[in-house]
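The following exercises are to be worked through with the sequence and the structure at hand. Each task is followed by a solution in steps.

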Amino acid sequence: MKGLAMLRIGEVGWIEKDRPSCGSRDAIVKPLALAPCTSDIHTAWEGAIGERHNLILGHEALGIVDEVGSGVKDFKPGDRVIVPAITPDWDSEAVQRGFPSQTGGPLGGWKFSNFKDGVFAEFFHVNLADSNLAHLPDGMTLEAGVMLPDMLSTGFLGAENARIEIGATVAVLGIGPVGLSSIAGAKLRGAGRIFAVGTRPAAVKVAKKYGATDIIDYRNGNTAEQIIEATGGAGVDAVIIAGGGAEILMDAVTMGKPGSVISNVNYFGKGIGDRDSIPIPRAGWGVGMADKDIVTGLCPGGRVRMERLAEIVTYGRMDPSLMATHIFKGFDTLKEALLLMKEKPGDLIKPVVLL
Ligand code: NDP
Ligand code: ZN
């Protein structure tokens with residue numbers, strides 16, 4: 001079978017591999033819709049998770065079940081499914097501690113395009129199908145559905161971890177598809193004022209539709225100063241980080257009120273200096289005693305999470321298809337879609353490939 005792979009850091013190309021084999025509780029799935037992620041770009045071109053050879057990329061997919069193992073109860077060949085980006089081993093120790101995305105070590109629930117072939121293939125393998133697949137509801141468009149496996153799940157986690165109270169003021173740093181989903185999540189959690197930080201015009205438009213009340217351009221001066229000034233010196237109750245480089249925590253922590261939560265879902269591909277660090281501002285963090293919590297998380301996966309996100313779409317709480325700005329048709333267009341994600345032109349939020 002054919003797949004779009006990271007050949008080595010900095011090089012991506014088509015390769016041929018054997019079709020994966022199916023374990024007794026697993027499934028083999030054919031893609032129906034695929035979307036490249038910014039994480040694929042960090043992985044393939046920036047080496048953010050280290051060197052990988054001939055690893056098939058991609059972890060955002062809807063699919064059609066092609067084969068199931070003898071122990072799978074709820075799925076059969078022909079079923080249309082949502083495939084979470086994160087597919088934990090649900091019987092592991094980390095799950096019992098309440099951290100399913102971290103099974104088997106840090107970020108270990110993230111298997112596709114990390115340490116196992118991803119979904120940018122004619123067929124891909126899903127472990128523990130009954131726990132890691134969800135039925136795609138009839139009537140959900142592919143453009144909307146393909147945002148669930150990672151964008152909505154990660155963006156909403158940013159809002160969930162930010163412990164947003166009704167009426168709270170929230171800043172979302174970064175308005176790519178993850179940050180936009182965090183804005184929608186913050187609104188669903190009851191935020192009052194929502195600052196959206198970013199510049200790409202297509203994203204600014206959707207940020208307003210999803211609930212942003214103020215748009216901040218980080219190129220117009222220090223972001224923390226702009227937001228502190230706009231709040232009359234108070235700062236915000238919660239900050240969600242969904243973009244920016246290693247220095248972004250400086251802004252985020254500074255703009256938080258005492259007692260605020262800084263919720264990070266950003267992927268730090270690089271640190272600063274010999275110690276490869278991400279700096280925290282000493283005074284802005286209340287010299288370490290201002291009750292400003294920094295919380296992090298990897299996208300939640302699994303069946304129940306996907307079913308709940310599907311309810312959000314089915315019952316009209318938000319429309320994720322607004323983020324699908326570029327639609328490609330056919331498996332062979334996948335490389336073009338991935339390269340577009342790398343370039344990030346101003347009219348792009350997310351490319352989607354329909355098969
Ligand atoms: P995008 O690249 O599409 O968006 C990044 C956003 O950050 C853009 O709006 C960009 O602004 C903004 N930005 C850049 N620099 C700054 C700055 N200094 N201050 C504030 N904003 C800034 O990324 P995605 O939305 O696709 O992904 C966001 C991050 O989430 C990535 O790092 C990705 O790897 C990570 N991720 C994490 C996951 C997890 O499980 N935790 C899962 C999936 C993704 P502009 O509008 O000007 O371009
Ligand atoms: Zn991703």
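**Exercises on a predicted model**

D150 is buried, with a relative accessible area of 8%. The coordinates come from a predicted model.

**Exercise 1.** Identify the protein donors of the zinc ion (ligand 2) and state how they are spaced in sequence.

*Solution.*
Step 1. The zinc ion (ligand 2) has as its protein donors C37 through SG, H59 through NE2 and D150 through OD, at 1.9 to 2.2 Å.
Step 2. Written as a sequence pattern, the donor residues are spaced C-x21-H-x90-D.
Step 3. C37 lies in the loop between β3 (27-34) and α1 (38-46), while D150 belongs to helix α5 (residues 148-161), so the pair ties together parts that are 113 residues apart in sequence.

**Exercise 2.** Decide whether C37 is buried or exposed.

*Solution.*
Step 1. The relative accessibility of C37 is 4%.
Step 2. Buried means under 20% relative accessible area.
Step 3. C37 therefore counts as buried.

**Exercise 3.** Describe the surroundings of S181, beginning with the helix in which S181 is placed.

*Solution.*
Step 1. S181 is found in helix α6 (residues 177-188).
Step 2. With 0% relative accessibility, S181 counts as buried.
Step 3. The side chain of S181 reaches two backbone oxygens: that of P177 at 2.8 Å and that of M151 at 3.4 Å.
Step 4. When neighbours within four places in sequence are left aside, S181 is in contact with M151, L152, G155, F156 and M323.

Key: Residues are numbered from 1 along each chain as its sequence is written. Chains are lettered from A and ligands numbered from 1 in the order in which they are written. This is a predicted model: local features need pLDDT of at least 70, side-chain atom pairs count only at pLDDT 80 or more; totals for chains, interfaces and linings use all residues. Side-chain values use heavy atoms; hydrogens and water are left out. Donors are N, O and S atoms within 2.8 Å of the metal (3.2 Å for Na, K and Ca); water is not among the atoms, so sites may look incomplete. Helices (H or I, at least four residues) and strands (E, at least two) are DSSP runs, numbered from the N terminus. Buried means under 20% relative accessible area, exposed over 50%, partly exposed in between (1.4 Å probe, protein chains only). A polar contact is a pair of N or O atoms within 3.5 Å; within protein, one must be able to donate a hydrogen and the other to accept it, and residues adjacent in sequence count only if both atoms are side-chain atoms. Contact means heavy atoms within 4.5 Å.
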